[in-house]
Amino acid sequence: MALILRFTDTTSTDLGGNCKQGYGDFCEFQTYQVTEKDAKRELEALTDLNVKLIVITKLLLRTPGVGKPPAATMRWLLEVIAPYCTELVLYVYHEKTLILTEQLELVQLSLQSARQLQLLIISGTNRYLEDFIIVDSGLETIPNSIANLISLRVLQVKQSKLRVLELGPFCQIAKLNRLLVELSEISTLRPANPNTTCSVRSLYLDYNRLTSFDAAILEPFQMLQNLRLSNNQIDTFVSSVKMSLSSLQVLNLDGNNLTRFRLHRLQLPVLANFYLRRNNLDTLPTFRKAGMPALETLDFSSNVLRAVDLRYFEEFKNLHSLDLSNNRLTSVQTSQGASLPKLQFLTLNNNLLENLDPTNWYFPRLSLVSLVNNLFQAVPSSIYGSNVSGTIYINLASNPIRCSHLTENINYVSLGRLSSSCGSQRTCRIDHWDLATQRNLEAFFPDTSSHFLSVQVQRLTTGTIPLTLMLVNVSRVVNSVLFRTFHEPLLLLPTTNTLQELELQRAPNLQNIKAQLNIHLKRLEINGCLLSTIPPSLRNLLALKMLIIKECSIRVLNLPLLATFRRLETVSFATNHIASIQPAAGSAKFSILDLDLSANRLQQLILNQLAPLRRLRILNLQQNQLRTIDSLQPGDVTTLPSLSGLHLSNNRLQAVDLRQLRAPKLEHLEVSANELTSLPSALDSFAKLQILTLNQNAIESFDFAELRELRFLFGLALNENRLQSVSATEPVDLPNLATLTLANNLLKSIELQQLTAPALGFIDLTGNLLTAIPSSLVEGDRALRLQLLVMSGNPLTCATLERYRSYLERGQLETQWQLSKTEFCTTERFFVLDEKRKSCCAA
């Protein structure tokens, strides 16, 4: 049985509960109650319905335990539901922590929206879970204990905060088949041990922030069949070592910034499909063509190629389809005889070709040459007399063919025709849309009452009509337009344009925007353009709420201009060249709530410049070159009364003085991957702070006394520093602290006797120098509340492990278990928990 929970509510008293039969094997409840006392009886009542799928819109949890933390409640719920269903889908997961234990018997678990989730805890070895999906979460790391899900076949993490992906733990899961980590912020991949063998067959890392890729990192992935790296920021793809990916069949590098490509050391013996669409290749890449003998599909569309010699592809004897569309080709030649015995489809649409010479072709199976939207004035009829299929089809739609030449070859050539599939469907798909005249526009919508959720256009023809007028015409029937690629150097937005949303996913030629007074446009997004300044005329977009200009060349943040927008709430200039901020007058009033300046070139932040942004909630300055955060005058204090999130990771900060900032609502402070040697000063002034992240710095000691005023603090992370001591030198009460991560430091001891943290359930001390488990963490009242203490990668003594055997058996304590009988133990001493788990330990 599969169970879907659309919403979880722990307070409502509206119980309703008639099961409405759907279509035989489906049943839906508006509400259903589960109580801790009668859970078994209440869940058995569901199984008695004898259906395959049950949907519960509102689940009411009745747990009489006072003070039980939400994470523990959800852990109880998952474990109590698991025996009655194999698949569980939570449409909304509200908690900050997810705990999976060895008792959880679910086969499939899916969290469709988990925006509050920040911590994943896997306690003990789980032998049941096979499919695990987390969507839209705040996860920043996937714990090494993911390897404890030993039956896992599919892991999907989408829309997370992950920046670093450790591949090693996934290679420890023998059954893992598909690993999908997409729409996240991954900029770093850390390799697995090259001597291991990974079972992963599909690896999807689409829509992340990778900037380069070395195929050598995949050497353990010899079973990999499908690799997708599309829509990252990869500009270089190489193989630094001579190697083979013997099972790889599909390689997708679409939507990157590839300019260099060297794979002469890489052997891909069964690669069949290779996609390089939407990159910046101006020449064909260098790779060992003999290393891809099975290649069938090769797609270079939407690059900037200007000339191609088909002789280049001669070694690909199994090539079936070659796509060179949407480039800037003025020449496609074949310098010497080229034999492609299996080539059937040659696509050269949307280029600048005037002729095509097939003299040196030997393509006996070629059945389609598509030349749509080029500059042909004459039909290349010589193709019919060359070494190609006798039934070859040439598509010359949208070329300026001379009528006389067309008449001579009318039996051969198809010019295409208008076709659409709108009808009464919610989505209208149009193969070819001619908007050259208003008459043609209206012809698609004869009934003005017709409404569609979306209109998808494969090919758009504007004729001689200006693009500006075309957009005006379109705006009469749709409110949102998205261009995959916008080729014009100028974007005009007149008053008569009534679009509400306009997105240019790639605008490689765009240099300027001119906007007239406009009361309609609410969202404008432009990616990959040549804009060097924020266009001043954008102030005429009076209704604009969201402005995104990313991956362009803007050098200065013009705050006086942004102050002129009265409704602007979300602003992103991420991945530009911003090196300075032009301040606005102190009296300026801003409506901006979220400001993203990540991945720019700022070296100094003057807090006073941000003072007018009094409604600002989120400020993202990650991945800049910040060395200092200063004020104009010593002693100046800048007040940002609404600021709740400040992100300063991946900069060059050696110290952060927060005495200059007053932010009474600050909840999330992130200063990871800098050069800090001590905590930011004046942290106790941020009484509402919940999350403090200081990973990957150079901090050597830490005293909880510095946090004594942070009574709302939920999570503290100090991983990968140089910590040698962690202490509480005076009594400190942190009633909401639930997670503490101190992994990969130099800790030999921890003294926290004076720390009171009643909610602390998860502690990660992985990769330190501890020989014993700190008694202050596990003894007394704290032992009753502890959910998981991770001690993997420490030189623990055998006596210590024996002392805390019961903690290991209950899953409250995690250490590093030996994965195979051949794994080397330097001490030659082992602690044995059971017949399947033993750990190398010190004397």
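1. Cys825 and Cys840 form a disulfide in this predicted model, with their sulfur atoms 2.0 Å apart. With 70° about the S-S bond, the link of Cys825 and Cys840 is right-handed. Cys825 lies in the loop between strand 65 (813-814) and strand 66 (830-834), while Cys840 lies in strand 67, so the pair ties together parts that are 15 residues apart in sequence. The two ends are not alike in cover: Cys825 counts as buried at 4% relative accessibility, whereas Cys840 is partly exposed, with a relative accessible area of 32%.

2. A second disulfide to consider involves the neighbouring cysteine in sequence. Cys798 is joined to Cys841 with an S to S distance of 1.9 Å, and the torsion about this S-S bond is about 85°, so the disulfide is right-handed. Cys798 lies in helix 10 (residues 798-803) and Cys841 in the segment after strand 67 (837-840), so the pair ties together parts that are 43 residues apart in sequence. Cys798 is buried, with a relative accessible area of 14%, and Cys841 counts as buried as well, at 2% relative accessibility.

3. A search of the whole structure finds four disulfides, and among them is the link that joins Cys529 to Cys552, with an S to S distance of 2.0 Å. The link of Cys529 and Cys552 is right-handed, with 125° about the S-S bond. Cys529 lies in the loop between strand 42 and strand 43, and Cys552 in the loop between strand 43 and strand 44 (556-558), so the pair ties together parts that are 23 residues apart in sequence. Both Cys529 and Cys552 are buried. The loop between strand 42 (523-527) and strand 43 (546-550) also holds Leu542, which counts as partly exposed at 44% relative accessibility. Together with Leu517 and Ile519, Leu542 makes a nonpolar surface patch of about 310 Å².

4. Strand 11 (residues 154-158) deserves a point of its own. Four of its five residues are buried, so strand 11 is largely enclosed by the rest of the structure. Strand 10 (residues 131-135) is joined to strand 11 by five bridges, and the two run parallel; strand 11 also pairs with strand 13 (residues 178-182) in the parallel sense, over five bridges. Gln156 can be followed through both pairings, since Ile133 stands opposite Gln156 and the bridge partner of Gln156 in strand 13 is Leu180.

5. The loops beside these strands carry a salt bridge, in which the side chains of Glu130 and Arg153 meet at 3.9 Å, N to O. Glu130 lies in the loop between strand 9 (119-123) and strand 10, and Arg153 in the loop between strand 10 and strand 11, so the pair ties together parts that are 23 residues apart in sequence. Glu130 counts as partly exposed at 29% relative accessibility, and Arg153 counts as partly exposed at 38%. As the cut-off for a salt bridge is 4 Å, the reader may wish to keep the 3.9 Å of this pair in mind.

6. The side chains of Arg163 and Glu670 also meet in a salt bridge, at 3.0 Å, N to O. This pair links distant parts of the chain, with Arg163 in the loop between strand 11 and strand 12 (164-166) and Glu670 in strand 54 (residues 668-670), 507 residues apart. Arg163 is buried, and so is Glu670. Both belong to a network of salt bridges that links Lys161, Arg163, Glu185 and Glu670. The count for the structure comes to 20 salt bridges, including that of Glu314 and Lys317, whose side chains meet at 2.8 Å, N to O. Glu314 is buried, with a relative accessible area of 17%, whereas Lys317 counts as partly exposed at 34%.

7. Three strands form an open sheet in the order 56-58-61, with parallel pairing, and its edge strands, strand 56 (701-703) and strand 61 (750-751), each pair on one side only. Two bridges join strand 58 (residues 725-727) to strand 61, where the bridge partner of Ser727 is Glu751.

8. On aromatic contacts, the count comes to seven pairs. The rings of Phe702 and Phe704 have their centres 4.8 Å apart and their planes at 65°, so the pair is edge-to-face; both Phe702 and Phe704 are buried. Elsewhere, Phe300, Tyr312 and Phe313 form one aromatic cluster.

Notes:
Residues are numbered from 1 along each chain as its sequence is written. This is a predicted model: local features need pLDDT of at least 70, side-chain atom pairs count only at pLDDT 80 or more; totals for chains, interfaces and linings use all residues. Side-chain values use heavy atoms; hydrogens and water are left out. Buried means under 20% relative accessible area, exposed over 50%, partly exposed in between (1.4 Å probe, protein chains only). Two strands pair if DSSP finds at least two bridges between them. Patches are made of residues with over 30% relative accessible area and no salt bridge: like charges are joined within 9 Å, nonpolar side chains (Val, Leu, Ile, Met, Phe, Trp, Tyr) within 5 Å. Accessible areas come from the Shrake-Rupley method with a 1.4 Å probe; for residues, only the protein chains shown count as cover. A disulfide is a pair of cysteine sulfur atoms within 2.5 Å. Rings of Phe, Tyr and Trp (its six-membered ring) pair if their centres lie within 6.5 Å; planes under 30 degrees apart count as stacked, over 60 as edge-to-face and the rest as tilted.
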